[in-house]
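The following paragraphs lead through one structure, beginning with a single strand and moving outward from there. Please keep the sequence and the coordinates at hand while reading.

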Amino acid sequence: MHLLELLAPTLKAVHDGARERSGPVPAGEPGAVADSVRAVGEILPEHGIGGEQALVELARVFAAGAVDPAHPACAAHLHAPPLAVAVVADLVASMFNSSLDSWDQAPSATAVEAEVVRAMADLVPYGDGASGVLTSGGTESNLTGMFLALEHARRTAGNRTLRVFCSVEAHFSVGRSAGVLGIGEEFVTTVEVDAEHRMDPSALRGAIAEARVRGELPAVIIATAGTSDLGAIDPLPEIAAIAEEAGAWMHVDAAYGGGALFSRRLAPLLDGLSRADSVGLDLHKLGWQPVAAGVLLVRDAALFAPLARRAAYLNTEDDEQAGYTSLLGRSLRTTRRADALKIAVTLRALGRHGMGQLVDRCHALAWRAWELISVQTRLEPLQPPVLSSVVFRYLPIHGNPDLVNARLRRSLLRAGRAVIGRTELDGRVHLKLTLLNPHTTDAELTRLVADVVRAGQDEDRADVVDPED
Ligand SMILES: Cc1ncc(COP(=O)(O)O)c(C=O)c1O
């Protein structure tokens, strides 16, 4: 069956399914969603039911049970509503199933990826020698960046132990990457942060000095440009200077904050980024791409050397010399989707200005949310927003604030009314709004904040009735 014939009934089923929800998330207990998926029937029947029916049935149930990131009350995670042009471009990538591990599976995808990498490198801004690769996201960018950094350090380490530094607020994938890469999580020093949750440069200096005393080699410093909760941006120029002094590789996890590069107003927040050896950016966050749309950039193409491989069935030297270049040697993966196509289409469609406007709008929404939260006596914001998130707490009249905040978030989920974030900062449970829908209106945001307050008040009342619950 042709794509066009399948698309119309599928989109209708998605529409019908979405209408079964009254809000951004299906109301009720979580098990109900799994029940509705099972109710569709056996996933592997002896005899198939046909493409259109399978699509329509599952697309409807999927849409009904999905969380809609485009809904204004969906504000928990870095879970962006994808742009329609990007979704359609992703379909084209799927149609050809291009795979970036060899030229003969992906001639145009290879060329498109090179252009996307160049465009993103220009934003950093990196010079002509820079290179990059599309990744599955921040996790893979951190893993790959750390792999390159550690391989680089091993050349001069002798028998010294390698040490990694990041802030206590760095993404958990940094520590786990150290485990995966065999140096061990215990060789990651988590450096203290300042009052605004940014890495403290003097604490970093101290930690490096201590590592040297132990005879270790400071191999890599991972700065975060946009922590997952607060969007805090580590002081990149100071960290770059420390890395240069220590001879350490600097990797910047800009999975969240990298999107600010599109905005001429916010880009200065990332000054110093170009001094990093490698940078990870995620366009499925502040870039409105369907997952996955990560980009890992390196200052100098030669830094990819440890990933280079010759595979007789993929990228022989004579083919490469004849111009059939493959991107196999830039990734930890072999088969790799043409994720660059949707990014290329989006960037051309909106331009830097259009992308910057979306970023600015989300930033403005976060400030508006902060204002709305600040004037509510029962809400307490943690600190003003940096990017597009705001972290706060509900202040209960009685009861344990951590429990009340956790419960009120679940009650909004159960009612199908809102998806808001929950995290822990300064040892206490906090709530979070991550605003990634640039089209959210002031009225919708006001309603969301009011819903949070109401859910908290309901918990207060429930506590009076049943304090043991
Ligand atoms: C700062 C930061 N780094 C890395 C990641 C991981 O990114 P991904 O989920 O795309 O692998 C996240 C995810 O939110 C993040 O916020």
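In this predicted model, strand 5 is mostly covered, with eight of its eight residues buried. Buried here stands for a relative accessible area under 20%. Strand 5 spans residues 217-224, and its pairings on both sides are a convenient way into the sheet.

On one side, strand 5 runs parallel to strand 6, residues 249-254, and five bridges join the two. Two positions show the register: Ala223 has Val252 of strand 6 as its bridge partner, and Thr224 stands opposite Asp253 in strand 6. Strand 3 is also parallel to strand 5 and is joined to strand 5 by five bridges. In that pairing, Phe165 has Ile221 of strand 5 as its bridge partner. As a general matter, strands of a sheet pair through backbone hydrogen bonds, in either a parallel or an antiparallel manner.

These strands belong to an open sheet of seven strands, whose order is 2-8-7-6-5-3-4 and whose pairing is mixed. Strand 2 (131-135) and strand 4 (188-191) are at the edges; each has a single partner strand, so one side of each has no neighbour in the sheet. From one strand to the next, the twist averages 20°. Helix 8, residues 201-213, packs on this sheet and touches strand 3 (162-167), strand 4 and strand 5. The direction of helix 8 makes about 165° with that of strand 3.

Elsewhere, the loop between strand 7 (278-282) and strand 8 (294-298) holds Gln289. Is Gln289 buried or exposed? Gln289 has a relative accessible area of 2%, and the limit for buried is under 20%, so Gln289 counts as buried. Beyond its neighbours within four places in sequence, Gln289 is in contact with Pro82, Ala86, Leu283, His284, Lys342, Ile343 and Thr346. Arg19 lies 270 residues from Gln289 in sequence, and their C-alpha atoms are 24 Å apart in space.

The last topic is enclosed space. The count comes to one cavity of 30 Å³ or more, and the largest cavity has a volume of about 50 Å³. Its lining includes Pro69, His71, Pro72, Cys74, His79 and Pro81, and also Thr434, Leu435, Leu436, Asn437 and Thr440. By class, six of the lining residues are nonpolar, five are polar and none is charged.

Notes:
Residues numbered from 1 in each chain as written. Predicted model: local features only at pLDDT ≥ 70, side-chain atom pairs only at ≥ 80, totals over all residues. Heavy atoms only, no water. 1 Å grid on protein atoms, 1.4 Å probe; cavity = no way out; pocket = protein on both sides within 12 Å on 5 of 7 lines; lining within 4 Å. Points joined across faces, edges and corners; volume = space filled by probe spheres on them. Nonpolar A, V, L, I, M, F, W, Y, C, P; charged D, E, K, R; others polar. Pairing = 2+ DSSP bridges. Helix = DSSP H or I, 4+ residues; strand = E, 2+ residues; numbered from the N terminus. Axes fitted to C-alpha atoms, helices over the stretch in contact; angles between N-to-C directions. Contact = heavy atoms within 4.5 Å. Buried < 20%, exposed > 50% of the residue type's maximum accessible area, 1.4 Å probe, protein only.
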